[in-house]
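Dear colleague,

Here is the structure that I promised to hand over, and below it you will find my notes, which are best read with the sequence and the 3D view open side by side.

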Number of protein chains: 2
Amino acid sequence: MALIVQKYGGTSVANIEKIENVARRVARTKEGGNEVVVVLSAMAGETDRLIQLARKASEQPVDREFDALISTGEQVTITLLAMVLQRMGYAAKSFLGSQVKVHTDRSFTKARIVKVDTEAMTRELKRGVVVVVAGFQGVDPDGNITTLGRGGSDTSAVALAAALKADRCDIYTDVDGVYTTDPNIYHKARKLKKISYDEMLELASAGAKVLQHRSVELAKIYGVPLFVKSSFTDDDGTLVTMEDKDMEKEVVSGVTYDRNQAKVTVVHVPDRPGIAARLFTPLSDENIPVDMIIQNASVEGFTDLTFTVARKDIRDVQRMVDKVCVEIGATGVEYDENISKVSIVGVGMKSHAGVASRMFTALASEGINILMISTSEIKVSCVIESKYTELAVRVLHDAFGLENDH
Amino acid sequence: MALIVQKYGGTSVANIEKIENVARRVARTKEGGNEVVVVLSAMAGETDRLIQLARKASEQPVDREFDALISTGEQVTITLLAMVLQRMGYAAKSFLGSQVKVHTDRSFTKARIVKVDTEAMTRELKRGVVVVVAGFQGVDPDGNITTLGRGGSDTSAVALAAALKADRCDIYTDVDGVYTTDPNIYHKARKLKKISYDEMLELASAGAKVLQHRSVELAKIYGVPLFVKSSFTDDDGTLVTMEDKDMEKEVVSGVTYDRNQAKVTVVHVPDRPGIAARLFTPLSDENIPVDMIIQNASVEGFTDLTFTVARKDIRDVQRMVDKVCVEIGATGVEYDENISKVSIVGVGMKSHAGVASRMFTALASEGINILMISTSEIKVSCVIESKYTELAVRVLHDAFGLENDH
């Protein structure tokens, strides 16, 4: 007998028929002699509908009210699943974040889970009840409803699995696992049987949208085995787990891309201490994340500074950077929204030399110019012109032989 | 400065434009130097949409889950109103039943309010915040969400007003007050300036749908002055309050009707002790309310027993009564769904003789046959053939001169 946490995303609970499909899968797991905790997202499209309502009510809805509004989406799906399970003859009980309780900090719209109480869930599990928990939501120390940010249900599921010391956490989505690259871009994309937490983290931050970043971090910290599966097939999916010897055989595990980037170059900046702080402090003050930052070697006391931000933030960035630029005496600023980032990720890089140069060679072979480069221990990212995105992904997939299981 | 509780029904918050209308009215009350607590229903149609979802999930959805599901409707409207008020520059904060807290018993779908905590609301009111509370919902001793039954938001509003010792409770609806009869049936219907709690209770139980019965009971117990008003006009509305001398001048305050009735006659019942109990216990066991009960004088040890139930319950009643009928040795049972109940209500009856006979005479003058009669201290009800409903209402309205304010 195992304790299994299953999380189902919005497309898996988009209507009653799909919720019945989820119920059958839960029932099968229960019949297998397991204790089951189910974490649900809102019906696909429901959160967006609620966000639209909020936008109509106010251009800048107050965060506290916004969270209480959009958390209703999960409240609907958990009660419906509990009803369906009970109709099918299984004891089931729904729990809101405030009922479990899932304690978070006070950061509305992007709260972090501080602690998960297990008493209520454990009591119900011991009685044979399927526990159905609202993902994406928690409660702050003052009893206000908080939400965890887009994709937060993944994090809810992992946090519950960690707190309950579950044997595993199954994340059911509309894809059937983690692929070597986006199958929509390259038909040779191959599903991975296994991937390490670190690779998954790099893939997530490099643009792959399979799992919320924070959920993988938590899974890594607490050693929760994560299975990424499809709720529409009986496929095995991909196991996200600790790094092991098998993984190191592969130089590269995946190729990913991010089109939602924009590049900013501040030209002819005086190379003085404190200049970078002047530039980036206003951005961090307004919670605008900066991804890559590159500063060229200084020539005659001046340098160029290039960085990337999310494309949606570019107007705000422009307003702030143009102002700072005058103050620090830079010659000008260039903004480029026609860029993409392509990345290769793999724990094998640590023990294989020459991975980066193989990447550059592959891109060059197709005449793709590299605008920026950044590397980490298990990732190499290149910023390129946006129009080459798909071509670059296919070239790199071929160059590292990803279509074959080694 | 007064403390005012305002309750807005589903048609008053049916979309963002109407919620903005509510916000303007709340703002005006606040600008008048008052402390304001707002209680809201779900958007018109939303509760029905959620009930449909529940029915699709299960023919007999578990009550606990049902309540948690349909309580989301109010959660949406309170957060939207708080957002709109804040956009307009007013501090506002939404509260769920579980946040206030509105403590109820454990009777899901028809919970009764046990106690309302006032600490959180009072703290916010003192800070000048408009407190926006979800109607229709509460929380039971185990932390489960409960709902108060159809029209329960009226009861929420009165319970909050009583707990906060508010100066008054304004119930905003889509009608602009309490009328002498249904204006859709008789154009001479007149809006009442004032009506007593007891008359309002009799009108509510006789079919008038302006206020939930329980809300008037609570208002009477705690002496909360209730104003029934339209949220679409600036009309004064009707004040529901203690009985006073003015009210006694009028013999009858209103004529009302109920088409949702059915009549059951058990024929030739042996007139023995315990027979009525045998008949009605199964009905009360299944929570089927019986309205009027009439037993004729016994002839040679046998009697006929007639009673009315809600038309929607008639199939269940038939199943039970047919069975009991055989057991007790009655000759047969007659069911009649083509009936209505018309009632006249007025505190003046207590001091005016001959009111009932005036009613019977008026009905007879139009050849309307009376099938059953029942009386209370301030009400006379007659069951008649359904097709005469409108005619009967008009005849009685004229007979008691209700078009004129006395």
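In this predicted model, 25 residues of chain A are in contact with 24 residues of chain B. On the chain A side of that interface, helix H1 (16–31), helix H2 (46–57), helix H3 (63–70) and helix H4 (72–87) each supply at least two residues, and it is H4(A) that gives the most, with 10 residues. If you sort the chain A residues that touch chain B by character, you will find 14 nonpolar, eight polar and three charged.

The two chains can also be compared as whole copies, for chain A can be laid on chain B with an RMSD of 0.1 Å by a turn of 180° and a shift of 0.1 Å along the axis. The copies are therefore related as by a two-fold rotation axis, and in chain A the C-alpha nearest that axis belongs to A:Thr72, at 2.9 Å from it. Because 96% of the interface residues of chain A are also interface residues in chain B, the copies meet through the same surface.

Turning to the interior, the largest nonpolar core has 240 residues, and those with the most contacts inside it are A:Leu81, A:Val132, A:Val133, B:Leu81, B:Val132 and B:Val133. Leaving aside residues up to four places away in sequence, A:Leu81 touches A:Ile19, A:Val22, A:Ala23, A:Val38, A:Leu40 and A:Val132.

A residue that you may like to examine by yourself is A:Leu160, which has its place in helix H7 (residues 152–163) of chain A. Is A:Leu160 buried or exposed? A residue counts as buried if 20 or more other C-beta atoms lie within 10 Å of its own, and A:Leu160 is buried because it has 27 C-beta neighbours inside 10 Å. Again not counting residues up to four places away in sequence, A:Leu160 touches A:Val5, A:Val37, A:Val39, A:Val116 and A:Val133. Sequence distance and spatial distance are worth setting side by side here, as A:Leu160 and A:Val102 are 58 residues apart in sequence and 8.5 Å apart in space, C-alpha to C-alpha.

Further along chain A, six strands form an open sheet in the order E14-E15-E13-E16-E18-E17, with antiparallel pairing. Its edge strands are strand E14 (290–295) and strand E17 (370–376) of chain A, each of which pairs on one side only, and neighbouring strands of this sheet are turned by 30° against each other on average, direction ignored. At one of these edges, E17(A) pairs with strand E18 (residues 379–385) of chain A in the antiparallel sense over six bridges, and A:Ser376 has A:Lys379 in E18(A) as its bridge partner. Helix H12 (residues 314–328) of chain A lies across strand E13 (254–270), strand E15 (302–310) and strand E16 (332–345) of chain A, and runs at about 25° to E13(A).

In chain B, strand E13 (residues 254–270) and strand E15 (residues 302–310) run antiparallel and are joined by eight bridges, with B:Val269 standing opposite B:Thr303 in E15(B). Strand E14 (residues 290–295) of chain B pairs with E15(B) in the antiparallel sense over four bridges, and the bridge partner of B:Ile293 in E15(B) is B:Phe307. E14(B) and E15(B) form a hairpin with six residues between them, and B:Glu300 in the turn has a positive phi of about 50°.

With best wishes

How values were computed:
Residues are numbered from 1 along each chain as its sequence is written. Chains are lettered from A and ligands numbered from 1 in the order in which they are written. This is a predicted model: local features need pLDDT of at least 70, side-chain atom pairs count only at pLDDT 80 or more; totals for chains, interfaces and linings use all residues. A residue is buried if 20 or more other C-beta atoms lie within 10 Å of its own, exposed if 12 or fewer, and partly exposed in between; C-beta atoms are placed from the backbone. Two residues are in contact if their C-beta atoms, placed from the backbone, lie within 7 Å. Copies are superposed by least squares on the C-alpha atoms of residues with pLDDT of at least 70 in both. A nonpolar core is a set of buried Ala, Val, Leu, Ile, Met, Phe, Trp, Tyr and Cys residues joined through C-beta atoms within 7 Å. Ala, Val, Leu, Ile, Met, Phe, Trp, Tyr, Cys and Pro count as nonpolar, Asp, Glu, Lys and Arg as charged, and the others, Gly among them, as polar. Two strands pair if DSSP finds at least two bridges between them. Axes are lines fitted to C-alpha atoms, for helices over the stretch in contact, and angles run from 0 to 180 degrees between N-to-C directions.
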